[in-house]
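Student: Please take me through one part of this model in close detail. I would like to look at the enclosed spaces and what surrounds them.

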Amino acid sequence: MKILTLSTFPYQKPRHGGQHRVFNIVEKYKSLGHSVESAGVLGSRIYESQEGFLAVPEQEDLAKQVDDPLFMEDIAIGRMFANSEPHFLSLASQIRSVPDAIHVEHPWLFEFACAYRKSVGKPDMKLIYGSANVEHKLKYSILKPHRSELEASSAAEEVLACELFAIKNADAICCVSQQDMEWTRQFTTAPCVVALNGVSKRDATAAGVQAASRISEHKKFALYCASGHPPNVTGFFDIFGAGLGCIAPDQLLVIAGSAGPSVMSHRLASRTPGINSRLRAAGEVDEATLQGLLNAAHAIVLPIMQGEGTNLKTAEALWAKKYIVATTKAMRGFETFKHAQGLHINDVPSDFLQSLQTAMSANPLEVALQELPTREEVLWERTLLSLSDLLK
């Protein structure tokens with residue numbers, strides 16, 4: 001079978017969770033014996049170019065599609081490439097071979113996929129909606145701190161309409177959590193499967209461990225891995241906004257990923273006690289350094305307070321076999337691990353900080369041998385098994 005994946009980000013050099021997810025979905029399809037081609041539109045100027053992907057449109061062009069192109073660029077891109085003939089043809093020209101099925105990750109380019117199927121006269125072409133979140137809820141939570149209630153609600157309604165279009169027109173749907181699938185099934189009779197976010201087997205190298213030691217200044221540290229996605233930054237201040245007193249003077253909290261610079265430049269940073277002395281923002285790091293940090297960390301924190309779906313960093317933390325201090329949101333989809341060794345789940349900031357302090361004062365975690373096989377359930381090879389059933 002020929003499969004096309006459509007997305008608003010490249011994936012060949014994955015950095016954030018969405019890119020890792022598409023990368024592994026593509027690899028899974030290939031492992032099942034299918035040929036895979038990818039195309040899309042780069043949703044941001046920070047993305048590297050990739051064959052088959054068009055550059056992000058200019059801001060003034062996006063502004064013709066939506067009132068708020070800063071926060072609604074995904075909706076704007078979807079409308080532009082579905083409804084503007086020159087843009088439609090430009091994206092369609094990136095598709096070298098007419099596919100038998102199109103996997104659309106996120107709802108933004110689903111209308112384009114429908115139009116493309118019609119334009120090539122192949123009504124039996126199957127459209128798969130890859131749902132990575134309940135998008136309208138996430139959009140509302142992102143806009144609420146920055147826009148009026150009316151504007152945030154209106155934007156969420158626009159996203160919901162886009163989301164429901166994808167759900168109602170999909171031949172099959174791949175959801176990222178059981179909860180998301182239950183919400184989705186209210187609007188469709190199409191077959192739905194759950195494919196959790198996962199993690200790949202990787203080992204720390206000597207160079208990666210050395211790089212991690214330089215970042216941590218050879219101190220015991222807790223690790224927060226996150227992109228600059230707004231909920232990641234908001235979640236940090238929801239939990240740590242009162243200060244980093246739970247981190248001892250001879251310890252550190254290290255943030256790996258673009259969330260670090262975003263946290264340090266946030267308006268609340270100057271009001272957060274201990275942020276300069278006990279936090280190190282490493283910024284984006286290469287894979288070797290990331291594995292070195294995961295290997296050397298004493299604990300991993302997951303202060304996720306917003307969003308649906310499942311968190312790839314949760315899978316990463318479970319596979320790292322370190323102490324984990326997480327919120328209930330961070331554990332969505334991974335509830336079977338709620339009694340895992342070293343895991344503390346707290347939604348009250350003071351309890352979260354107390355658990356982190358307890359973990360940081362404990363001896364290094366040693367996961368029991370009988371628990372190790374269950375941790376393998378977070379590997380991509382296990383979490384994406386349902387894609388085989390989806391294609392059947």
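Tutor: Start with one wall. Cys225, Leu294, Ile300, Leu302, Lys313, Glu316 and Ala317 line the second largest cavity. Keep in mind that this is a predicted model. The volume of this second largest cavity is about 30 Å³. By class, its lining has five nonpolar residues, no polar ones and two charged ones. Strand E11 (299–302) and H14 each supply at least two of the lining residues. H14 gives the most, with three.

Now step back to the count. The structure holds two cavities of 30 Å³ or more. The largest has a volume of about 60 Å³. Its lining is made up of His20, Asn24, Gly198, Val199, Ser200, Arg202, Glu287, Leu290, Gln291, Leu312, Glu316 and Trp380. Three elements give two or more residues to that lining: H1, helix H13 (287–296) and helix H14 (312–320). H13 gives the most, with three residues. The class split here is four nonpolar, five polar and three charged. Glu316 lines the largest cavity, and Glu316 also lines the second largest.

Take His20 from the lining of the largest cavity. His20 sits in helix H1 (residues 17–31). Its relative accessibility is 13%, so His20 counts as buried, the cut-off being under 20%. Set aside the neighbours within four places in sequence, and His20 is in contact with Pro14, Arg15, Leu312 and Trp380. Leu312 and Trp380 are also among the residues that line the largest cavity.

Next, follow H1 to its sheet. This open sheet has seven strands in the order E3-E2-E1-E4-E5-E6-E7, with parallel pairing. Strand E3 (53–54) and strand E7 (192–194) stand at the edges with a single partner strand each, so one side of each has no neighbour in the sheet. H1 packs on this sheet and touches strand E1 (2–7), strand E2 (35–41), E4, E5 and strand E6 (172–175). The direction of H1 makes about 160° with that of E4. Strand E4 (residues 101–105) pairs with strand E5 (residues 126–130) in the parallel sense, over five bridges. Within that pair, Ala101 stands opposite Lys126 in E5.

The second largest cavity leads to another sheet through E11, one of the elements that supply its lining. Six strands form this open sheet, in the order E10-E9-E8-E11-E12-E13, and the pairing is parallel. Its edges are strand E10 (279–283) and strand E13 (343–345), each with a single partner strand, so one side of each is left without a neighbour in the sheet. From one strand to the next, the twist averages 20°.

Look at E8 and E9 in that sheet. Strand E8 (residues 220–225) pairs with strand E9 (residues 251–256) in the parallel sense, over six bridges. Leu223 has Val254 in E9 as its bridge partner. Cys225, listed above in the lining of the second largest cavity, falls within the E8 range of residues 220–225.

Two helices lie across these strands. Helix H9 (residues 206–216) lies across E8, E9 and E10 and runs at about 120° to E9. Helix H10 (residues 230–240) also lies across E8, E9 and E10, but runs at about 160° to E9.

How values were computed:
Residues are numbered from 1 along each chain as its sequence is written. This is a predicted model: local features need pLDDT of at least 70, side-chain atom pairs count only at pLDDT 80 or more; totals for chains, interfaces and linings use all residues. Side-chain values use heavy atoms; hydrogens and water are left out. Helices (H or I, at least four residues) and strands (E, at least two) are DSSP runs, numbered from the N terminus. Buried means under 20% relative accessible area, exposed over 50%, partly exposed in between (1.4 Å probe, protein chains only). Contact means heavy atoms within 4.5 Å. On a 1 Å grid over the protein atoms alone, a cavity is a set of points where a 1.4 Å probe fits but cannot get out, and a pocket is an open set with protein on both sides within 12 Å along at least five of seven lines; lining residues have an atom within 4 Å of a point. Grid points are joined across faces, edges and corners, and a volume is the space filled by probe spheres set on the points. Ala, Val, Leu, Ile, Met, Phe, Trp, Tyr, Cys and Pro count as nonpolar, Asp, Glu, Lys and Arg as charged, and the others, Gly among them, as polar. Two strands pair if DSSP finds at least two bridges between them. Axes are lines fitted to C-alpha atoms, for helices over the stretch in contact, and angles run from 0 to 180 degrees between N-to-C directions.
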